[in-house]
Amino acid sequence: MKVSKLAANLIGSEIVKIGNEVNDLKAKGAEIANLTIGDLNSNIYPIPALLKEEIQKAYQNNLTNYPPANGLLSLRKEVSKDLKNRWNLDYSPNDILITAGSRPLIYAVYKTIVDEGDKVVYPTPSWNNNHYAYLTSANAVEVKTKPETNFLPTADDVRPHLDGAVLLALCSPLNPTGTMFTREQLSEICELVIAENKKRGADEKPLYLMYDQIYSNLTFGAEHVDPVSLFPEMKEYTVYIDGISKCLAATGVRVGWGFGPAHIIDKMKALLTHVGAWAPKPEQEATAKFYENPENVNLFVEDFKAKLEESLKVLHGGVQDLKGKGLAVDSIEPMGALYLTIKLNYIGKTKPDGAVIENSSDLVFYLINEAGVALVPFSAFGEDTSEPWFRASVGGLAVDEIKVMLPKMENALNNLK
């Protein structure tokens, strides 16, 4: 049966594929430490009790009809206040768009800015930019990053590619690595964006920056920086992606927000009226109520991120212990988000059954079957399958489960020759 060319060539999420296979094995009784999906075990990390109460109350009050296309005004007002209080960013409620999590926002940014064949620049590894570029028929320019810069692009990395580009997509803290831009790193990139836009004529499309800061509240001692705080003139070119999915452990509640230049946000709103990607009205109402008192957010986030940091430190320390024992492994100290970047330099090694680990995907499934440990290879984030780097998401496991997992991984790696 024939389908559209877009559908025929569309690649599904490798992360979801691995996660589904893990769930199938667990359903058959396998014990697997699932470090794949950037999700949270809601029994370990429940959403704030008050947020849950407000959601239930909103349903009891029958707030079940359509919300406004750009989101409840009450929520947009609270988001506006939070942006000012937390980051000193001035965005009116009309500059803010509420959607069902951040994915519709990212898709809408691409569809609003990018025409077929337009140049879009993004680093690898990064989450899903390759797929959004495909969905918009963009001319995707992937900028390979290095572990020496925490897998974040530098100004020197992106400089050769900005001429004629219409979108630069960045994220900090970064999915998949949990690393963050320093003030200097981001400043140098913003200076390039400003300089590039000054070169362009009035009839040319600007170079926009999409800045995904969905993990901005989950940082471990490092300073979160953003483009407009560094350079007010970036406000004309920057579209932010944010929401509660990560900072309130609310991945399934589906409340995200984007904010930026009014002419972009208005067109994103118009686009999404045809997609219907609104956050449910009860969840919007509850989030607005929760944000009315900033301490609600602050108290929850401080406790939540302390638990995440402990899990990440245990995992990072465990990998470093294995490195100290002579295993070909390494990890980058986490700075934010839910993720640890792990190097497992075992591609090309031979399994006990004589088969060769030919790529990162082979190693993933070897570890699932032999160690009960599930990771995501950086090939899911635009890197080559020959790269020995992997993302570990700690949101689905308790600290004790991480401790139990590490010796199993050690034993499985030691069995590779």
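**View 1. Helices α2 and α13 are roughly parallel to each other, since their angle falls in the class under 35 degrees (over 145 counts as roughly antiparallel, 65 to 115 as roughly perpendicular, the rest as oblique)**. The model is predicted: local features need pLDDT of at least 70 and side-chain atom pairs count only at pLDDT 80 or more, while totals for chains, interfaces and linings use all residues. Residues are numbered from 1 along each chain as its sequence is written, and side-chain values use heavy atoms, with hydrogens and water left out. Helix α2 covers residues 14-27 and helix α13 residues 360-371; they pack at an angle of about 15°, with axes 12 Å apart. Axes are lines fitted to C-alpha atoms, for helices over the stretch in contact, and angles run from 0 to 180 degrees between N-to-C directions. Helices (H or I, at least four residues) and strands (E, at least two) are DSSP runs, numbered from the N terminus. The crossing of α2 and α13 is right-handed (the near helix is turned clockwise from the far one by less than a right angle; anticlockwise would be left-handed).

**View 2. Residues in the contact of α2 with α13**. On the α2 side are Ile-18, Glu-21, Val-22 and Leu-25, which meet Val-364, Phe-365, Ile-368 and Asn-369 of α13 (contact means heavy atoms within 4.5 Å). By class, the residues of this contact are six nonpolar, one polar and one charged. Ala, Val, Leu, Ile, Met, Phe, Trp, Tyr, Cys and Pro count as nonpolar, Asp, Glu, Lys and Arg as charged, and the others, Gly among them, as polar.

**View 3. Packing of helix α12 on helix α14**. The axes of α12 (residues 294-324) and α14 (residues 399-414) come within 10 Å and cross at roughly 20°. That angle makes α12 roughly parallel to α14. The crossing is right-handed. From α12 the contact takes Glu-310, Ser-311, Val-314, Leu-315, Gly-318, Val-319 and Leu-322; from α14 it takes Val-399, Ile-402, Lys-403, Met-405, Leu-406, Met-409 and Glu-410. Nine of the residues in this contact are nonpolar, two are polar and three are charged.

**View 4. The open sheet of seven strands**. The strand order is β2-β8-β7-β6-β5-β3-β4, with mixed pairing (two strands pair if DSSP finds at least two bridges between them). At the edges are β2 (96-99) and β4 (139-144), each paired on one side only. From one strand to the next the twist averages 20°. Helix α10 (residues 262-273) packs on this sheet and touches β2, β6, β7 (238-243) and β8 (256-259); the direction of α10 makes about 25° with that of β2.

**View 5. Parallel pairs within the seven-stranded sheet**. Five bridges join β5 (residues 165-171) to β6 (residues 208-212) in the parallel sense, and Ala-169 stands opposite Met-210 in β6. Strand β3 (residues 119-124) pairs with β4 over six bridges, also in the parallel sense. Here Val-120 stands opposite Ala-140 of β4.

**View 6. The open sheet of four strands, with α12 across it**. The order β9-β10-β13-β12 has antiparallel pairing. Strands β9 (329-332) and β12 (376-377) are the edges, each pairing on one side only. β12 and β13 (residues 389-393) run antiparallel and are joined by two bridges; the bridge partner of Pro-377 in β13 is Phe-390. Helix α12 lies across β9, β10 (339-344) and β13, and runs at about 150° to β9.
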